[in-house]
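These are my notebook entries on a single structure. I looked up one strand residue, one surface patch and the nonpolar cores.

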Amino acid sequence: MMPASFFSSPRRRTVIFVAVIGALHLVALEWLTSRASMVPLKADGTQVVSLALLAEAPKPEPVPPPPPELPVPKPRLPPPPPLTDLPSSEAPLATMPASDAPEGPATPAPPAPGTPVVTAPAPVAVASPAPAPAAPPPVVEQARHYKTNAPASAQFDLHVDRRDADGTKWQGVAAMAWDNKGDSYQLKLEVGLSMLITRINLLVLSSEGLIDATGIVPVTATEKRKGRAQTATHFNRDGKVITFSATTATAPWQVGVQDKASVPFQLAAIGRADVNQLVGNIDILVGEEKEATVFRFQLVGEEELDTKMGRLVTWHLRRPPKPGTYSSQLDIWLAPSMQWYPVQIRNTEASGALTTQTVTKISVNDATGK
């Protein structure tokens, strides 16, 4: 009875089910083991790496030790506030009328005899630092004053030689008209390229104003460069101010102030009045496009120039570069035998570009001069 009951129909089904489950587990384990040891290759020869099975966990990379801590700089203390002047003990004290005096606490009654009197320490007055004074406006260097004698009216033809900073050379022409009307003047300079039937102006300067004992007194000066808008500088003698169309800034007006076009003729007027004034530094305040600057000229010496008008004896004046003010060099040659007219002007830029204007013809309207 015992064997038959043990292998009864329900028990046989259970034993068979457990055996099948175990066999399936063995087959699955063997299949997974074979797949882990054999990695298939793709058609191109690359391997397909399975991320499901790992031979062993990756070893952690060593962590470098932290860098040594640098000492933290100590904060600097702010500078002490400026000292303030304490009021003098002899200064009168401000008094307040009795009717306007604020009502304070009532005066306490005197303490009883034998009672100790405790007094509070007087408050210490702490002087607050005075506000820093406002920065003063920039001061324009005062130019020298000279005796002057402006030359007569004349028209000038000039040859222009230009060498750019990259070495490129070109030539042009310039025309300058100086009109001395006795108590007023007009001046115009045109620099450009001469074509077959026309001239292309690269730079046009104009100036007009008065003439008095101080020499040329500009009222309005304009500058027009090719491809740029025209700018204007206004000299207000009554208001003692110079204004510019290119900026809202202003500059103080001074006696003897000039513009870029009138500078050579003011130097001619100074030399005509007294040649000894050209010895040493010659300072002239010049209003340009956006500012006014003192040009400091120095006498280089007497030189002879070869021009289409022949050999001319000239006085060579130079404005060397002035660090922090202007970086270009300006040279002007004046001819004493020809009313001290400017017969050559040269501008050397900081980049190395060089422009020289040399006179080829002068037509004087008043042959007797002034």
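The entries below follow that order.

I worked on a predicted model, in which local features need pLDDT of at least 70, side-chain atom pairs count only at pLDDT 80 or more, and totals for chains, interfaces and linings use all residues. Residues are numbered from 1 along each chain as its sequence is written, and side-chain values use heavy atoms, with hydrogens and water left out.

Entry 1, Leu205. I located Leu205 in strand β4, residues 199-212 (strands are DSSP runs of E, at least two residues, and helices are runs of H or I, at least four, numbered from the N terminus). Leu205 counts as buried because its relative accessibility is 10% (buried is under 20% relative accessible area, exposed over 50%, partly exposed in between, with a 1.4 Å probe and protein chains only). Beyond four places in sequence, I found Leu205 touching Leu187, Lys188, Leu189, Thr222, Glu223 and Ala261 (contact means heavy atoms within 4.5 Å). Val191 is 14 residues from Leu205 in sequence, and their C-alpha atoms are 8.8 Å apart.

Entry 2, Val18. I placed Val18 in helix α2, residues 9-37. Its relative accessible area is 53%, so Val18 is exposed.

Entry 3, cores. The largest nonpolar core holds 29 residues, and Phe156, Trp178, Phe265, Tyr341, Val343 and Ile362 have the most contacts inside it (such a core joins buried Ala, Val, Leu, Ile, Met, Phe, Trp, Tyr and Cys through side-chain atoms within 4.5 Å). Elements giving two or more residues to this core include β1 (154-163), β4 and α3 (263-273). I also noted a second, separate core of 18 residues, with Val263, Leu267, Ile284 and Phe297 among them.
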